[in-house]
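Student: Could you take me through one part of this model closely, and then set that part in the context of the rest? I would like to know how each statement is reached.

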Amino acid sequence: MFLKKVISLIEENLAESEFNVNTLARELSMSRPVLYRKLKQLTDLSVIELISLLRLKKGAQLLCQEDAKVSQVAYQIGFSD
């Protein structure tokens, strides 16, 4: 349940380039260290790694499904440069 909520929050905010660990922790009403430990235990990934992984997976999906430019997809998933 916890992991589903985390993934859902990340996916909802993929386009936000300012979305980061602090934002996620605040949304979950948790401290950064507690969030880090819990996610590391469940996924063996850091919070930043999980956010990046989900962004890249979504980007790959968009590139396969749509006839879009890489720069457009990068912007859609929160990479500004």
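Tutor: Serine 29 has a relative accessible area of 68%, and because anything over 50% counts as exposed, serine 29 is classed as exposed. The model is a predicted one, and in it serine 29 is placed in the loop between α2 (21-27) and α3. The backbone at this position deserves a careful look, since serine 29 has a positive phi of about 55 degrees although it is not a glycine. As a rule, most residues other than glycine have a negative phi.

A second residue of this kind is aspartate 44, whose phi is near 65 degrees, again a positive value in a residue other than glycine. Aspartate 44 belongs to the loop between α3 and α4, and with 56% relative accessibility aspartate 44 counts as exposed.

Between these two loops runs α3, which covers residues 32-43 and packs against α1, residues 2-12, with the two axes 11 Å apart and at an angle of about 110 degrees. Since angles of 65 to 115 degrees count as roughly perpendicular, α1 and α3 are therefore described as roughly perpendicular to each other. From α1, the residues Phe2, Leu3 and Val6 take part in this contact, and they meet Leu35, Lys38, Leu39, Leu42 and Thr43 of α3. Sorted by class, the residues in the contact of α1 with α3 are six nonpolar, one polar and one charged. Lysine 38 also appears in another description, for its charged end sits over the ring of phenylalanine 2, at 4.5 Å from the centre of that ring. An arrangement of this type is found too for arginine 55 and phenylalanine 79, where the charged end of the arginine sits over the ring at 5.9 Å from its centre. Pairs between aromatic rings are another matter, as a search of the whole structure finds zero of them.

Beyond the second loop, two residues of α4 can be set side by side. Isoleucine 48 is found in helix α4, and with a relative accessible area of 54% isoleucine 48 is exposed. The C-alpha atom of isoleucine 48 is separated by 7.4 Å from that of asparagine 20, although the two residues are 28 residues apart along the chain. Leucine 62 also lies in helix α4, which comprises residues 47-65, but leucine 62 has 9% relative accessibility and, because buried means under 20%, counts as buried. When its neighbours within four places in sequence are left aside, leucine 62 is in contact with Val73, Gln76 and Ile77. The C-alpha atoms of leucine 62 and glutamine 72, which are 10 residues apart along the chain, are separated by 9.9 Å.

As for the wider setting, the protein has five helices and zero strands, and from the N terminus on its elements run α-α-α-α-α. The C-alpha trace spans about 40 × 20 × 20 Å along its principal axes. Of the 81 residues in the protein, 31% are buried, a class that includes leucine 62 but not serine 29, which is exposed. Finally, among the contacts in the protein with a separation of 6 or more, 48% are accounted for by residues 24 or more positions apart.

Definitions and conventions: Residues numbered from 1 in each chain as written. Predicted model: local features only at pLDDT ≥ 70, side-chain atom pairs only at ≥ 80, totals over all residues. Heavy atoms only, no water. Axes fitted to C-alpha atoms, helices over the stretch in contact; angles between N-to-C directions. Helix = DSSP H or I, 4+ residues; strand = E, 2+ residues; numbered from the N terminus. Parallel < 35°, antiparallel > 145°, perpendicular 65-115°, else oblique. Contact = heavy atoms within 4.5 Å. Nonpolar A, V, L, I, M, F, W, Y, C, P; charged D, E, K, R; others polar. Phe/Tyr/Trp six-rings, centres within 6.5 Å; stacked < 30°, edge-to-face > 60°. Lys NZ or Arg CZ within 6 Å of the ring centre and 35° of its normal. Buried < 20%, exposed > 50% of the residue type's maximum accessible area, 1.4 Å probe, protein only.
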